[in-house]
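Dear colleague,

Please find below the structure that I am handing over to you. A summary of what was found in it follows.

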Amino acid sequence: MFSLSYLPTAERLTVVVVKARNLHWTHNKDTSDPFVKVYLLQNGKKISKKKTSIKRNEKSPIFNEAMIFSVPAHVLQTVQVRLTVAEYQADGRTPSIGHVIVGSQASGKSLAHWNQMISSLRKPIAMWHPLRK
């Protein structure tokens, strides 16, 4: 679950990574150390990346971490946000568990979430999303 809000006066897009549930790990482990990478994409290219802290041994982690991106209003319709849930491993590798992309070019629930944010400026809009591989 994450929330989106856009503050037009400050030209600021805020993504709050709230929590995740029922995560499925690599190698069928019971628990792992998840974190979330949040990318700001424009025309499919990564223009900014932020990540949450790592939650140790959590299958349903609670993050409650805000990521703030500077997004001018005139480019808002050309950007997308990609959230990737990854698994921290001691050898430094971070395999992806799954991701979700929201933005004006998305479809289904991801597009609905984006459009709800656009129509409710300054208000955080929270929604659950299934992860895709």
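In what follows, the axis of a helix or strand is a line fitted to C-alpha atoms, for helices over the stretch in contact, and angles run from 0 to 180 degrees between N-to-C directions. Please note that the model is predicted.

With that convention, α1 runs at about 50° to β7 and lies across both β6 and β7. These two strands are antiparallel to each other and are joined by seven bridges. Within this pairing, L83 has V100 in β7 as its bridge partner.

β6 and β7 belong to an open sheet of four strands, ordered β4-β3-β6-β7, with antiparallel pairing. At its edges are β4 (45–51) and β7, each of which pairs on one side only. From one strand to the next, the twist averages 20°.

The second subject is the largest nonpolar core, which has 27 residues. Those that touch the most other members are L13, V15, V38, V71, V81, L83 and W114. At least two residues of the core come from each of β1 (2–7), β2 (12–19), β3 (34–42), β5 (62–70), β6 (79–87), β7 (96–103) and α1 (108–119). β6 provides the largest share, namely four residues.

Which residues is V81 in contact with, leaving aside its neighbours within four places in sequence? They are L13, V15, V38, Y39, L40, V100, I101, V102 and W114.

I suggest starting your viewing with β6, β7 and the helix that lies across them, α1.

With kind regards

Terms used
Residues are numbered from 1 along each chain as its sequence is written. This is a predicted model: local features need pLDDT of at least 70, side-chain atom pairs count only at pLDDT 80 or more; totals for chains, interfaces and linings use all residues. Side-chain values use heavy atoms; hydrogens and water are left out. A nonpolar core is a set of buried Ala, Val, Leu, Ile, Met, Phe, Trp, Tyr and Cys residues joined through side-chain atoms within 4.5 Å. Buried means under 20% relative accessible area, exposed over 50%, partly exposed in between (1.4 Å probe, protein chains only). Contact means heavy atoms within 4.5 Å. Two strands pair if DSSP finds at least two bridges between them.
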